[in-house]
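Visitor: Could you take me through the reasoning behind some of the labels attached to this model, setting each value against its cut-off?

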Amino acid sequence: MDTKPIELQEDVSSSPLYSEDLAPVPLSRRTWGTWDLAALWVGMAVCIPTYLLASYMIRSGVSWYAALFIIGLANLLITVPMVLNGHAGVKYGIPFPVVGRAAFGTKGIHIPAVVRAIVACGWFGIQTWIGGLALYAIWNALTGQPGEVGLSWGKFVGFALFWVVNIYFVWKGTESIRWLEDWSAPILILMGVFLIGWGAWNGGGFAQVLGLGRQLEKPSASLQIEDPQGIVLQMYPLTTADGKTKASQYRMVVPSEQGMKDMGWQILPPAGAAIVLEQIREPQIDIDGLINGSREVQVQFRAQSENGFTESSVVTAKFDFEAYAHPSSPWWQYVLWLTAMVGFWATMSISIADVTRYAGSQQQQVKGQFIGLPGTMILYSFVGIFVTCAAVVNFQDILIGDDAPWDPVSLIARFDNPWVVVIAQIFMLIATLSTNIAANVIAPANVFSNLFPKYLDFRKGGLVTGLVGILICPWWLMDEISSLLLFVSGLLGPVLGVLICDYFVIRKRSLQLADLYKVNGVYSFSGGYNLKALAAITVGVLVALIGLWVPAVSFLYNLSWFTGFCAAFLLYWGLMRNQK
């Protein structure tokens, strides 16, 4: 790859496409080295979603070591296009919206860039609300006040304070962001090591914790068809280190001809024992409804405690007829999870030049990203796995896997010592702030600045990002908007496909730097739009989405990031291969 950086030789400062924040970073200001970029990724990757990633796979039946392997492989895969797309940032010192002008046109870049920015604004609002809740929890711990359920003035005050802290670092500029990431990275790494040490010390060692943690791979209750018994209820409550089942009783609520019937508390059979539902005659169970998936069984567990009984949450067991009739290969499930994990950083891979433009060399950006991204994702996913498994061992009132404290907020809530809560919430604040600033502010700030170069600089673009983060009302829409943002992120593969194809295949890593800032330069195409690039991403998105509507090609949607990327890359190459 080219290693020699290019500087702007022509004065284009009068162009409406030019601003100081969008201009190439001069060599004297390209001060980010290998550690700075690695620290940036530590700061971004250490967040609650990373902590939860492996748990989603484990709860679907994937082993913990397979989950870690998939996460590691996915992040190695996404780091490759991350490094490739960061090349132009290092070579020319320009941000993503300016790099994208070469492929999409000086106006066409606004379409994918604004989509990228809206996704980031959504995550900014969610992360800021989470940080505000941490401040609210610290206040309650220090004052001894109980936390309120639902929305409250205290939570909104915490949200406002954390919003101001985020905007402060944006207003201070990129050097303050580098300072934040450099200082937060070792703190966050030490926090992960401490959590692993806590789990091993209190759980009886690594082997015992991970051995008992394998129980989490099984559902608490499930319906299965077994010959010759017929449909049976399998129950898997958690066991202690010596193999004893924590729960002592269970109760079922079953569908009958008279409606749902509570069977009352009964002595729990050995762990994993099958309850043959056909043998229950009073009431007559709607077996047909269970088999076709229209009816379900509700199950709850309880154990004797000092204050009476400790009860688990109610879990639902429903027979999946489609999976029974058309079982899928476990390898296919691994591929689906791999696609989901690759999509986790899909948006950041598009705008990585926003960061690499401050790097001193290509070697530094390559080393920094490969050291920081895959390693941190694996470490903190393992932290989430191990600490959750240790909690299952340590807390006797956790009777089933569904009640395990999969997220750090639930874990912290189990400690009574207020100083433990305060310190843990401070760590969570650091993790949330470092993720929010780097992943959810830099990119949209540059995008908004690119929309109005002469009116919005980086600071004002960051302020717009913060305001949009408020307008999405994350306190109401957090769960709904999270799924939507993940869906959109998975469909951004075509944008990356076009960017990489244009820079490496079509233009051979050579851009006419001054023309990127000219209204009538070589990158103005048709009125500022490269229709071929827009056609390529449109087709890429349609190829990825068609599986939603056509079951025969559902795999295209299941692999949306890969299929969209490849379709857009190939079509763009076909349309632009004769471009000079």
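Guide: What follows is a set of questions and answers on a predicted model.

Visitor: Why is Thr 79 called buried?

Guide: Thr 79 has a relative accessible area of 0%, and the label buried applies under 20%, so Thr 79 is buried. Its place is in helix α3, which covers residues 64–92.

Visitor: What makes the approach of the side chain of Thr 79 to the backbone oxygen of Asn 75 a polar contact?

Guide: The side chain of Thr 79 reaches that backbone oxygen of Asn 75 at 2.4 Å, and the limit for a pair of N or O atoms is 3.5 Å, with one able to donate a hydrogen and the other to accept it. Leaving aside neighbours within four places in sequence, Thr 79 is also in contact with Gln 369, Phe 370, Leu 373 and Pro 374.

Visitor: Why are α3 and α21 described as oblique to each other?

Guide: The axes of α3 and helix α21 (residues 493–506) cross at roughly 55° and come within 10 Å. Angles under 35 degrees would count as roughly parallel, and 65 to 115 as roughly perpendicular; the angle of roughly 55° falls in neither range, and α3 and α21 are therefore oblique to each other. Their crossing is left-handed, and the residues that meet there include Leu 84, His 87 and Ala 88 in α3 with Leu 496, Ile 500 and Tyr 503 in α21.

Visitor: What makes α2 and α15 oblique as well?

Guide: Helix α2 (residues 48–59) and helix α15 (residues 362–394) pack at an angle of about 60°, with their axes 7 Å apart. Since roughly perpendicular begins at 65 degrees and roughly parallel ends at 35, α2 and α15 are therefore oblique to each other. The crossing of α2 and α15 is right-handed. Among the residues that meet are Tyr 51, Leu 53 and Ile 58 in α2, and Met 377, Tyr 380 and Val 387 in α15.

Visitor: How do you know that β2 pairs with both β1 and β5?

Guide: Two strands pair if at least two bridges are found between them. Six bridges join strand β1 (residues 221–226) to β2, and three bridges join β2 to strand β5 (residues 274–276), so both counts satisfy the requirement of at least two. As examples, Gln 224 has Val 232 in β2 as its bridge partner, and Leu 233 has Ile 275 in β5.

Visitor: Why are β1 and β5 called edge strands?

Guide: The three strands form an open sheet in the order β1-β2-β5, with antiparallel pairing. The edge strands β1 and β5 each pair on one side only, and neighbouring strands of this sheet are turned by 35° against each other on average, direction ignored.

Visitor: What makes strand β2 mostly covered?

Guide: In strand β2 (residues 230–235), six of its six residues are buried, the criterion for each being a relative accessible area under 20%.

Visitor: Why does Val 254 count as buried?

Guide: The relative accessibility of Val 254 is 0%, to be set against the limit of 20%, and Val 254 therefore counts as buried. Val 254 lies in strand β3 (residues 249–256).

Visitor: Which residues does Val 254 touch, not counting those up to four places away in sequence?

Guide: Val 254 touches Gly 259, Met 260, Lys 261, Met 263, Pro 283, Ile 285 and Val 297. Of these, Pro 283 is 29 residues from Val 254 in sequence and 8.6 Å away in space, C-alpha to C-alpha, whereas contact is judged on heavy atoms within 4.5 Å.

Technical notes: Residues are numbered from 1 along each chain as its sequence is written. This is a predicted model: local features need pLDDT of at least 70, side-chain atom pairs count only at pLDDT 80 or more; totals for chains, interfaces and linings use all residues. Side-chain values use heavy atoms; hydrogens and water are left out. Helices (H or I, at least four residues) and strands (E, at least two) are DSSP runs, numbered from the N terminus. Buried means under 20% relative accessible area, exposed over 50%, partly exposed in between (1.4 Å probe, protein chains only). Axes are lines fitted to C-alpha atoms, for helices over the stretch in contact, and angles run from 0 to 180 degrees between N-to-C directions. Angles under 35 degrees count as roughly parallel, over 145 as roughly antiparallel, 65 to 115 as roughly perpendicular and the rest as oblique. A crossing is left-handed if the near helix is turned anticlockwise from the far one by less than a right angle, and right-handed if clockwise.
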